[in-house]
Amino acid sequence: MASTLVRPANDRWIGGVCSGLARRFGISANTMRLIFVVSCLLPGPQFLIYIVLWVLMPSER
């Protein structure tokens with residue numbers, strides 16, 4: 001498990017948020033993307049949280 005939460009420079013699809021979260025929690029990026037897509041079927045602020053994380057998470061250098 002990584003110690004910092006950053007958006008990776010590679011393996012990005014849109015903003016790299018799912019890849020950064022997957023790296024942080026030690027799971028596959030595709031698994032995290034699947035979890036995000038499935039969670040979008042439920043009511044809640046998923047897109048807003050994604051956008052906020054996209055803005056707040058630093059990009060890997």
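In the predicted model, Phe 36 has a relative accessibility of 21% and is therefore classed as partly exposed, given that the buried class ends at 20% relative accessible area. Phe 36 takes part in the aromatic contacts described below, a search of the whole structure having returned 3 aromatic pairs. In one of these, the ring centres of Phe 36 and Phe 47 lie 6.0 Å apart with the ring planes at 90°, so that the arrangement is edge-to-face. This pair links distant parts of the chain, since Phe 36 belongs to helix H2 (residues 29–39) and Phe 47 to helix H3 (residues 46–56), with their positions 11 residues apart in the sequence. Phe 47 itself is exposed, its relative accessible area being 56%.

A further pair is formed by Phe 36 and Tyr 50, whose ring centres are separated by 5.3 Å and whose planes meet at 40°, so the geometry is classed as tilted. As Phe 36 is located in helix H2 and Tyr 50 in helix H3, this contact ties together parts of the chain that are 14 residues apart in sequence. Tyr 50, at 11% relative accessibility, counts as buried, in contrast to Phe 47, which is exposed. Phe 36, Phe 47 and Tyr 50 are joined by Trp 54 in one aromatic cluster.

Aromatic rings are also approached by charged side chains. The charged end of Arg 33 is placed over the ring of Trp 13, at 4.2 Å from the ring centre, while Arg 24 lies over the face of Phe 25, at 5.7 Å from the centre of that ring.

Trp 13 and Trp 54 recur at the surface, where they contribute, together with Ile 14, Leu 48, Ile 51, Val 52, Val 55 and Leu 56, to a nonpolar patch of about 920 Å². Of these residues, Leu 56 is found in helix H3 and is exposed, with a relative accessible area of 65%.

With regard to the overall fold, the secondary structure of the protein chain consists of 3 helices and 0 strands, and the order of elements from the N terminus is α-α-α. The C-alpha trace spans about 35 × 20 × 20 Å along its principal axes. The radius of gyration of the protein chain is 11 Å, which agrees with the value near 10 Å expected for a compact globule of 61 residues. Buried residues account for 30% of the 61 residues in the chain.

Terms used. Residues are numbered from 1 along each chain as its sequence is written. This is a predicted model: local features need pLDDT of at least 70, side-chain atom pairs count only at pLDDT 80 or more; totals for chains, interfaces and linings use all residues. Side-chain values use heavy atoms; hydrogens and water are left out. Rings of Phe, Tyr and Trp (its six-membered ring) pair if their centres lie within 6.5 Å; planes under 30 degrees apart count as stacked, over 60 as edge-to-face and the rest as tilted. Helices (H or I, at least four residues) and strands (E, at least two) are DSSP runs, numbered from the N terminus. Buried means under 20% relative accessible area, exposed over 50%, partly exposed in between (1.4 Å probe, protein chains only). A charge sits over a ring if NZ of Lys or CZ of Arg is within 6 Å of the ring centre and within 35 degrees of the ring normal. Patches are made of residues with over 30% relative accessible area and no salt bridge: like charges are joined within 9 Å, nonpolar side chains (Val, Leu, Ile, Met, Phe, Trp, Tyr) within 5 Å. Accessible areas come from the Shrake-Rupley method with a 1.4 Å probe; for residues, only the protein chains shown count as cover. A salt bridge is a side-chain nitrogen of Lys or Arg within 4 Å of a carboxyl oxygen of Asp or Glu. The radius of gyration is taken over C-alpha atoms; the globule rule is 2.2 Å times the number of residues to the power 0.38.
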